[in-house]
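Me: I have a structure open and no idea where to start. Can we go through it bit by bit?

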Amino acid sequence: MDSSTSAAGDSDKAEITEWISETKRLQNLLEHLDCIDNTGRYKKKRAQWTAIALTCRSKTDAQVYQQELEMRKKRGLIDENVVIVTVEDPGGSVGSGGATLNALLVLAEHLSAKNNFTVLNVDVLTGARILILHAGRDYVFDACGKAFVTLPVSLQTVTDEGYEALTCNLDYILYLMTFKIAVKTPPGVWVCSTEMLLNIPEDVDLDWTEFQGVRAITVPGSIDYARNHGVYKISKEGLIEDIIYKGTPTALKQCTLPDGNVPLVAGIVFFSEKVSEKLASFCVLPPLDACTFMGLDSGVKSISMSLFFDMLLCMAIGVNEDDFTSGKRIGGRPRSGQKIEVNKEIIQALTLMWKNLRGTKLQAELFQDGSYNYLANDASEFRRFLTICPLKSDQDRYLRWTNRKHCYIQKPELVDESSVVINSVLEGDIQVGLDSAVSHCRIKGNMKIGKSSVLYGIDLTDIEDNVILGTGLVFQRFNIQLGGERTQKTQVYTIMGKMDHLQNPLVKGKLLFCNEPWVMFSNRTGITAEDLWSCDISDYEKTLFNAKLFPVWHHTKTVGVKEVLWLVTGEQDPDMLSRWRYSWRLSFEDIISSIDHSSEFDWRRELFYISGRRHIWDVLQNGTDDGLQNLFKSLVAENYASQLLDVLDEVACTTESKGVAARTLVCIAGVLGALANNEGGLRSGPAGNAEWQPAFQLLENERISEGVKLLKKVRGDWLNQPVTLVRAARHYEGAAQILIRHAVMSARQFISTLPCEPPPMEKWVTATCPARIDISGGWSDTPPITYESGGAVIDAAIQLNGKRPIGAKCKKIHTPHISLVLKCNNSHSIHIECNVLSDLQDYNNPQAPGALLKAAFICAELVEFPSSISLADQLQSRYGGGFELHTWSDLPHGSGLGTSSILAGAVIAVLWKTSGKSYDNSSLIHAVLHLEQILTTGGGWQDQVGGLTGGINIGHCKAGLPLKVDVTHVDISDDMLARFNNQFVLVYTGKTRLARNLLQEVIRNWYARIPQVVDNVRNLKSNAWECFSAFNEGNLEKIGSCMNTYWEQKKLLATGCEPATVKQIMDALHPHVYGQILTGAGGGGFLCAVTKEPNGCDVVKNALKDFEDDMEVYNVTLDQAGITVEVEA
């Protein structure tokens, strides 16, 4: 083989290797791509957990934490089919290792029961993917513990499920494990601490190919930081040689990475399926069974084992058997030369672990760009976690940092922008200084909070004087349970400084309190060491943690906030000192061991409701675009539905705005839907039940407050099951439509007519109209969107195959009655005779024959209804006889070409002309808008703008009431006109659209202010003006692009408006057209396309030649005249 052949071979091999590498990369990328669920929403790919366990210290905590896990399942952070359980540590602290074994045992029992086994069967762990979370130690700075420290971030995964919620450290860790680290994990057990903030890069890619053993997650940290933490020593092959806790400088130097950092024990470890089975076997093997409830129930004294510094340590390749099994390495610290006293049960446990786990591959997985922050009992660090949260730098698009998380601040200008406020209500003159944090507080009055301070759990609603809290202080309130049975519930306030260290002893001036040395504090207040500590302990044992500083009860006085704040700034005051001294006082140590977790979570929920209630009130009254539906769902899930409905009732009763009242009624419907919890049927449906009609009538009569109160009374009997809840929601949306119609009727003031000479008796007045194509901007004309956000729609008036398809004619007749003749699409005619007023009473029922025409007589004010004067007398006295009115349309029902609105314009035009009234086009447009409200069909204004005004026009209106529509004509060149007529084509798809159902959905989503919907409405309007510019430029390609954009906007606004058949048609046309849309609301009817090549009809027919015969292609001609009205000679 010559050198050239060899070189060519090497080149081929290199290319093949590169191709394989790229294929694997793309495959990995595909595996991590977000997926689409069955509702069409994008969802981030997640780990498929079988079961999740959260360990905790006590049975009481387990009950509270179980409720919190259930809530996470409701919010979609945990899949519905995942087994979730909270597990109390048996017999006190058993360490992280013991808690892991106990949790594994409990999960095995749950899964055995779920699989119908009557005895424990560890085979249920085969194929299972399990996550065990450890709640860990109590935490001075958050009464709910480190797992439930509330972070100033929002998780998009929760929002995507339709909920608004606080984000706790537990939520973030669940997200981290479910959506980042464990996405591709094989069966096995993940164990994770909740005592840290861990930042992991977005592009996690762990290779699990044929992996067996244990994998420990690690991130780099500085040697200085590692002195108080655990560190891995890692071999060149990535195996863990040793695990060291609080290592010496020499020991830490041996663990350094190339960049000078060391790999920290990050609190997360994975056990493969085979190793997990070994761990499960420990649950029934003495003495390790003493870590589980199995041992406890057998009367065995519990033992404590560390997950990392005992269980994992025996797998580290650099640890020898003698050091490990003798107990010299307990806690991860080398203890050579030290006398070790370890009981025989611990020795036996260590020996058992060495025997069973030694030789297991223990691999380190280093995330070089990750970071680790332990939640230590350090006030300064805790404030930093909230105000300069390490997660703030996370580029994850599903994680959003925010300085204000679910809070109500009456005077936001008094709160420094750098400060963080979470789940709090601040009313009055509440000043918050630079870099301060306020969590779970309710404060009302006058208070100044200095910079770099932390407030947690404070409840001050009756501040009499101006309270000043100095710089760098931590002011907290805890709910606690006291007494032998823990039945006495109360609260205690505490305070400390950010520079204070809880464990510093009372020696050598090390002890600080509220950032001031102990001596200065004692001299200032008169408090002595004997007041705070027992004489039985040495100064080295006396710390801020066990100092009995905080009064909780006095036999004759009320004690609490004043006494605690006196500790900070107060001078010697004999009365205050006496009251403080003779109070029953608690230390931080006492408080932490007495936390009432149930009351703490209840307090958080109460604040969540209070701030939510304030937010709801402000959003509705001020008409902002904030979405509320996620908040409603969350409050319903937290059992605040009744209070929430009361708030909404109050808003609807007290507002003077019909628009606000309408939005509020739809919000009530949303709450009822949330209560139904996706059961009980579809939200769209009829709303004409007789029980609701008296309330509806009050709303029709504009007695809104009375109507809302009666709606509430009726609602009370419809809350008992999902079916009735959904039906009640439909009726509330029906009630909202009444108020929307009344709001739109404000357009009536823009209708103006003048008297003119009427045509003679028996002379026909005929109006003919083009159809219209909505080219861009539709839906922005629909109430309430149009009067709350403004609207812009560009339409073209068109003839189909050279014909104007819509018309009406009217004449006066001698007989004083009304004769109606309706003809539609070459079908037989319908004749209706109205001889008395009662024949007109169904004018507001769109399903009644001739309802539109009857409503037109009332809207055009030819007839007064209701009236004490008979129909015959009214007609005879005013016009000397009656009217005969004919209407026709050559378009199929549900065409999407604006038929009914344009027909209404034609009818009003001939009625006005026949009765002797002159008008302008603007009055006619607004009259149709008014008529459709009388008819109760609702609807917007684009159809009549497009069909009554010739050529191409953009209708537009500003936000606000009264609703006024303006029209701007587009002047196009002769060349552009010719190209329009040649290249615009209509295709009747043969599918009937259901516009009303689509309309209900759009209005519902708009009122919910779903962010995508709000943005889409804004984009609809801007795209319409873009299309307006394209017509002025004569740019067909740009027009087509605007049409394509418009179609995507329609689909986003009204899901389900693109049937499968229509999509197939559009796909077939795509190569041949600049742009295409379904006209009107979508869902069926006509498809409009603008072809790339001339002779558009031929192009389209050829592209669709393989489709069904019932499709029909129409030639489009731009109608320059709009409505024309002629009087018979």
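Reply: One term before anything else: buried means under 20% relative accessible area, and exposed means over 50%. Also note that this is a predicted model.

Me: Fine. Which residues in α27 are buried?

Reply: They are A851, L852, L853, K854, A855, A856, F857, I858 and C859. That is 9 of the 9 residues in the helix, which runs over residues 851-859.

Me: And what do the buried residues of α27 pack against?

Reply: Three strands and two helices: β38 (818-824), β39 (830-834), β40 (882-889), α29 and α30. Just after α27, E861 has a positive phi of about 65°.

Me: You mentioned α29 and α30. At what angle do α29 and α30 pack?

Reply: About 115°, with the axes 9 Å apart; α29 covers residues 899-915 and α30 covers 921-934. That makes α29 roughly perpendicular to α30. The crossing is right-handed.

Me: Which residues meet there, α29 to α30?

Reply: From α29, the residues are S900, S901, A904, G905, I908, A909 and W912. From α30, they are S923, L924, A927, V928, L931 and E932. By type, the contact has 8 nonpolar residues, 4 polar and 1 charged.

Me: Switching helices. Which residues of α14 are buried?

Reply: In α14 (residues 518-525), the buried ones are W518, F521, S522, R524 and T525.

Me: Why do they count as being on the same side of α14?

Reply: Because they cover an arc of only 165° around the axis. On the other side of α14, V519 and N523 are exposed. As a general point, an α-helix has 3.6 residues a turn, so residues three or four places apart point the same way.

Me: What does the buried side of α14 pack against?

Reply: The buried residues pack against strands β29 (512-513) and β30 (516-517), and against helices α15 (529-532), α16 (561-569) and α17 (574-581). Just after α14 comes G526, with a positive phi of about 90°.

Me: Now a single residue. Is D795 buried or exposed?

Reply: D795 counts as buried, because its relative accessibility is 1%. D795 sits in strand β36, which spans residues 791-800.

Me: What is D795 in contact with, leaving aside its neighbours within four places in sequence?

Reply: R772, I773, D774, Q942, V945, G946, G951, I952 and N953.

Me: On to the backbone. Where are there cis peptide bonds?

Reply: One joins P286 and P287, with omega about 0°. P287 is in the loop between α8 (273-282) and α9 (293-297). Another joins P783 and P784, again with omega about 0°. P784 is in the loop between β35 (771-776) and α26 (785-789).

Me: What about phi of N116 and of K246?

Reply: N116 has a positive phi near 70°, and K246 has a positive phi near 50°. Neither residue is a glycine. N116 lies in the loop between α3 (95-114) and β5 (129-134), while K246 lies in the loop between β13 (240-245) and α7 (249-253).

Me: How accessible are N116 and K246?

Reply: N116 is exposed, at 69% relative accessible area. K246 is partly exposed, at 37%.

Me: Last, the whole chain. How many helices and strands are there?

Reply: The protein chain has 37 helices and 48 strands. Of its 1129 residues, 56% are buried. Its C-alpha atoms fill a box of roughly 125 × 105 × 60 Å along the principal axes.

How values were computed
Residues numbered from 1 in each chain as written. Predicted model: local features only at pLDDT ≥ 70, side-chain atom pairs only at ≥ 80, totals over all residues. Heavy atoms only, no water. Axes fitted to C-alpha atoms, helices over the stretch in contact; angles between N-to-C directions. Helix = DSSP H or I, 4+ residues; strand = E, 2+ residues; numbered from the N terminus. Parallel < 35°, antiparallel > 145°, perpendicular 65-115°, else oblique. Left-handed = near helix turned anticlockwise from the far one by under 90°. Contact = heavy atoms within 4.5 Å. Nonpolar A, V, L, I, M, F, W, Y, C, P; charged D, E, K, R; others polar. Buried < 20%, exposed > 50% of the residue type's maximum accessible area, 1.4 Å probe, protein only. Arc of directions from axis to C-beta.
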